[in-house]
Amino acid sequence: MNLVPYLRFVLIIGVLLTIPVEAGEILNRLIAVCTQGQNPSAELVERYKNGDFPDDHNTHCMMRCVALNFGVYDDLNGIHMHDTWLMFRAGRPAAQEKLFADQHHKCIAQQTKAFPSDDYCGRVFAIYQCYKEEFQTMLKNIRKGAAKAARH
């Protein structure tokens with residue numbers, strides 16, 4: 001078993017959950033890396049940083065890049081359900097993982113049915129719709145933690 005991807009994922013999640021200032025910086029760097037060559041406007045980059053992702057091809061591909069770098073998605077297997085559970089668990093008991101997975105599998109099947117299997121960017125954007133609420137909560141917590149850290 002190759003532990004490198006798992007350890008990378010644990011490190012990213014650890015940073016996101018325990019060091020909000022650095023988590024925001026990591027997310028900002030990922031957005032910068034994942035938009036290279038697109039030359040997005042400063043306004044669009046700010047929208048991305050605030051979790052506002054318009055429904056267009058460049059945004060879809062930026063989100064695919066972020067998901068690949070977070071290690072929660074790959075083009076061969078799709079979403080990594082257990083890894084998304086770990087990312088968005090937010091204190092829920094482990095016994096709820098199956099319910100989480102069942103709900104998200106159902107949503108993902110519905111959201112992605114209009115996208116061809118080789119439209120990787122579009123499929124990631126569709127999958128994101130199933131995690132939008134959890135992602136927004138995570139961003140809110142990162143911002144709240146960063147504001148708290150800045151006061152100290």
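**Disulfides, two positive-phi loop residues and aspartate 75**

Cysteine 107 comes out as partly exposed, since its relative accessible area is 25%, which falls in the window between the 20% limit for buried and the 50% limit for exposed. The model is a predicted one, and this residue is a handy way into its disulfides. The partner of cysteine 107 is cysteine 130, with the two sulfur atoms 2.1 Å apart. The link is left-handed, with -90 degrees about the S-S bond. Distant parts of the chain are joined here: cysteine 107 sits in helix α6 and cysteine 130 in helix α7, 23 residues apart. Unlike cysteine 107, which is partly exposed, cysteine 130 is buried, because its relative accessible area of 10% is under the 20% cut-off.

How many disulfides does a search of the whole structure find? The search turns up three. Another of them pairs cysteine 34 with cysteine 65, and their sulfur atoms are 2.0 Å apart. The torsion about this S-S bond is about -70 degrees, so the disulfide is left-handed. It again bridges distant stretches of the chain, running from cysteine 34 in helix α2 to cysteine 65 in helix α4 (residues 57–70), with the two positions 31 residues apart in sequence. Both cysteine 34 and cysteine 65 are buried.

Then there is the bond between cysteine 61 and cysteine 121, whose sulfur atoms are 2.1 Å apart. Its torsion is about 105 degrees, so this disulfide is right-handed. Cysteine 61 belongs to helix α4 and cysteine 121 to helix α7 (residues 120–151), so the pair ties together parts that are 60 residues apart in sequence. Cysteine 121 counts as buried because its relative accessibility is 11%, again under 20%. With the bonded cysteines numbered in sequence order, the pairing reads 1-3, 2-5, 4-6.

Away from the cysteines, two loop residues have a backbone angle worth a look. Most residues other than glycine have a negative phi. Asparagine 39, however, has a phi near 50 degrees, a positive value in a residue other than glycine. Its place is the loop between α2 (20–34) and α3 (42–49). Buried or exposed, where does asparagine 39 fall? It is exposed, because its relative accessible area of 69% is over the 50% mark. Alanine 90 is the other case: its phi is also positive and near 50 degrees, and it is not a glycine either. This alanine is found in the loop between α5 (81–88) and α6 (97–112). Alanine 90 is exposed too, because its relative accessible area of 71% is over 50%.

A further loop, between β1 (73–74) and β2 (78–79), holds aspartate 75. Its relative accessible area is 27%, so it is partly exposed. Which residues does aspartate 75 contact, once its neighbours within four places in sequence are left aside? They are Arg64, Leu68 and Tyr120. With arginine 64 there is a polar contact of 2.4 Å between the side chains. The side chain of aspartate 75 also makes a polar contact of 2.8 Å with that of tyrosine 73. Finally, aspartate 75 and aspartate 118 are 43 residues apart in sequence, while their C-alpha atoms are 8.6 Å apart in space.

Note on methods: Residues numbered from 1 in each chain as written. Predicted model: local features only at pLDDT ≥ 70, side-chain atom pairs only at ≥ 80, totals over all residues. Heavy atoms only, no water. Helix = DSSP H or I, 4+ residues; strand = E, 2+ residues; numbered from the N terminus. Buried < 20%, exposed > 50% of the residue type's maximum accessible area, 1.4 Å probe, protein only. Disulfide = S-S within 2.5 Å. Contact = heavy atoms within 4.5 Å. Polar contact = N/O pair within 3.5 Å; in protein donor to acceptor, adjacent residues only side chain to side chain.
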